[in-house]
Amino acid sequence: MKNILKLLTVFVFSVALTSCLKDEKYALDPSGSHNVVEFYNVTAPFSAYTAKYVEYIPKTFENVPTDEFMIGVNWAGPEDFATTDIIVTIAPAPEAATDAGYVQLDPSLYSMPTTVTIKKGEKFALIPVSVKPSAFNGDLPNALAVKITNTSHGVISGNVGIAIFSLPVKNPWDGKYTYQSAPTQTLMPNWTANIELRTINATRVRMAPGLVGYYSNQVDLVVDRVTNQVTVEMTTLLPIATDPSSHYDPATKTFHLKWTSGGGNRYFEETLTYTGPR
């Protein structure tokens with residue numbers, strides 16, 4: 001009985017000690033007790049909360065020689081505003097772009113400052129990035145990945161110290177459309193909606209809203225530039241099968257789509273008619 005009580009005492013003490021160590025580790029965690037320097041949401045990130053890197057689409061570029069977008073750095077933590085000027089250094093992070101499935105923009109296609117100052121009494125600062133969209137290879141998933149390498153005050157965020165900026169150039173199908181479903185369609189027949197098709201790369205656009213212009217399910221249209229044949233792709237309701245008759249008519253700027261989801265459980269017959277730029 002004495003041995004059992006001794007073992008129980010040791011167990012309780014071990015649990016208490018472990019709990020204390022966890023609390024101490026949390027208290028010493030810089031992100032929990034000090035301000036951090038991190039990337040600022042100039043635009044809303046499109047990456048998942050649990051993603052390895054925060055990802056943005058700062059804008060969809062026109063096919064022009066030069067354009068610009070902004071990167072932001074933020075002062076976050078117990079101190080609401082910077083108590084001194086904070087010099088932040090950033091650098092390209094091509095390894096992050098590759099890891100996330102992008103192609104890092106060649107240095108000849110962009111320019112940006114390597115340091116920025118969050119002024120005393122302020123909370124964030126913006127960094128202008130000049131790019132050359134007309135010189136991009138539109139067949140590639142172009143992006144600029146950057147990382148914070150140094151800060152004169154505070155610590156670098158472990159969660160948002162690296163950011164990826166996807167840089168699509170508008171393809172010919174980007175714009176606003178009227179969505180119309182056929183009466184034979186399984187889901188929401190005879191349905192009309194106003195939607196957008198947003199450039200992802202040189203041959204791909206994404207519906208917004210998603211499925212049937214109503215649901216959030218991601219729907220992409222991939223266009224063959226030579227034949228104008230269209231393939232519908234989704235990340236849900238798989239498997240997807242596109243009827244070979246699905247195509248884009250450049251004369252009327254209209255998509256004619258027939259496809260099935262869930263291995264043929266749902267049938268879709270849709271017409272998307274261009275109404276103007278977005």
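# Notebook: cores, strands and odd backbone spots

I began with the packing: the largest nonpolar core has 32 residues, and Phe39, Phe69, Ile71, Val73 and Val88 have the most contacts inside it. I then asked which elements feed this core with at least two residues each, and got E1, strand E2 (54–56), E3, strand E4 (86–92), E7, strand E8 (124–131), strand E9 (142–151) and E11. There is also a second, separate core of 24 residues, and Trp173, Tyr177, Leu197 and Met207 are among its members. I jotted down the usual background: in soluble globular proteins, nonpolar side chains tend to be buried together. Note to self: this is a predicted model.

I picked Val73 for a closer look. Leaving out residues up to four places away in sequence, Val73 touches Glu38, Phe39, Tyr40, Val88, Val116, Ile118, Lys123, Phe124, Ala125, Ile127 and Ile148.

**Whole chain**

I pulled the overall numbers next. The protein chain has 3 helices and 20 strands. Of its 278 residues, 37% are buried. Among contacts with a separation of 6 or more, 60% are between residues 24 or more positions apart. The accessible surface comes to about 15100 Å², and carbon and sulfur atoms hold 57% of that.

**Open sheet**

I traced one sheet strand by strand. It is open, has 5 strands in the order E6-E8-E3-E1-E10, and its pairing is mixed. Which strands sit at the edges? They are strand E6 (110–111) and strand E10 (155–156), each of which pairs on one side only. I also checked E1 (residues 36–40) against E3 (residues 67–76): they pair in the antiparallel sense over 5 bridges. Val36 has Ala76 as its bridge partner in E3.

Just past E6, I looked at Thr114, which lies in the loop between E6 and strand E7 (115–118). Thr114 and Thr89 are 25 residues apart in sequence, yet their C-alpha atoms are 5.7 Å apart. Beyond its neighbours within four places in sequence, Thr114 is in contact with Val88, Thr89 and Ile90.

**Aromatics**

I went back to Trp173 from the second core and searched for ring pairs. The structure holds 11 aromatic pairs. For Trp173 and Tyr248, the ring centres are 6.4 Å apart and the planes stand at 85°, so I logged the pair as edge-to-face. Trp173 is in the loop between strand E11 (162–166) and strand E12 (175–181), while Tyr248 is in strand E18 (residues 247–249), so this pair ties together parts 75 residues apart in sequence. Are these two buried or exposed? Trp173 is buried at 3% relative accessible area, and Tyr248 counts as buried at 8%. Both belong to one aromatic cluster with Tyr177, Phe255 and Tyr274.

**Thr199**

I wanted a polar residue in a buried spot, and Thr199 did the job. Thr199 lies in strand E13 (residues 192–201). Its relative accessibility is 2%, so it counts as buried, given that the cut-off is under 20%. What does its side chain reach? It makes a polar contact with the side chain of Asp174 at 2.8 Å. A polar atom of the Thr199 side chain also lies 3.1 Å from the backbone nitrogen of Asn171. Not counting residues up to four places away in sequence, I listed Thr199 as touching Thr60, Pro168, Val169, Lys170, Asn171, Asp174, Arg204, Val205 and Arg278.

**E15 and E16**

I finished the strands with a hairpin. E15 (residues 219–223) and E16 (residues 230–234) run antiparallel and are joined by 5 bridges. Val223 has Val230 as its bridge partner in E16. The hairpin has 6 residues between its strands, and Asn228 in the turn has a positive phi of about 65°.

In a regular strand the side chains alternate between the two faces of the sheet. I checked E16 for this: Val230, Val232 and Met234 point to one face and are buried, whereas Thr231 and Glu233 point to the other and are not.

**Backbone oddities**

I scanned the loops on either side of that hairpin.

- The Ala208 to Pro209 peptide bond is cis, with omega near -10°; Pro209 is in the loop between strand E14 (204–208) and E15.
- Val212 is in the loop between E14 and E15, has a positive phi near 50°, and is buried at 1% relative accessible area.
- The Leu238 to Pro239 peptide bond is cis, with omega near 0°; Pro239 is in the loop between E16 and strand E17 (241–242).
- Leu237 is in the loop between E16 and E17, has a positive phi near 55°, and is partly exposed at 27% relative accessible area.

Methods: Residues are numbered from 1 along each chain as its sequence is written. This is a predicted model: local features need pLDDT of at least 70, side-chain atom pairs count only at pLDDT 80 or more; totals for chains, interfaces and linings use all residues. Side-chain values use heavy atoms; hydrogens and water are left out. Rings of Phe, Tyr and Trp (its six-membered ring) pair if their centres lie within 6.5 Å; planes under 30 degrees apart count as stacked, over 60 as edge-to-face and the rest as tilted. Helices (H or I, at least four residues) and strands (E, at least two) are DSSP runs, numbered from the N terminus. Buried means under 20% relative accessible area, exposed over 50%, partly exposed in between (1.4 Å probe, protein chains only). Two strands pair if DSSP finds at least two bridges between them. A polar contact is a pair of N or O atoms within 3.5 Å; within protein, one must be able to donate a hydrogen and the other to accept it, and residues adjacent in sequence count only if both atoms are side-chain atoms. Contact means heavy atoms within 4.5 Å. Accessible areas come from the Shrake-Rupley method with a 1.4 Å probe; for residues, only the protein chains shown count as cover. A nonpolar core is a set of buried Ala, Val, Leu, Ile, Met, Phe, Trp, Tyr and Cys residues joined through side-chain atoms within 4.5 Å.
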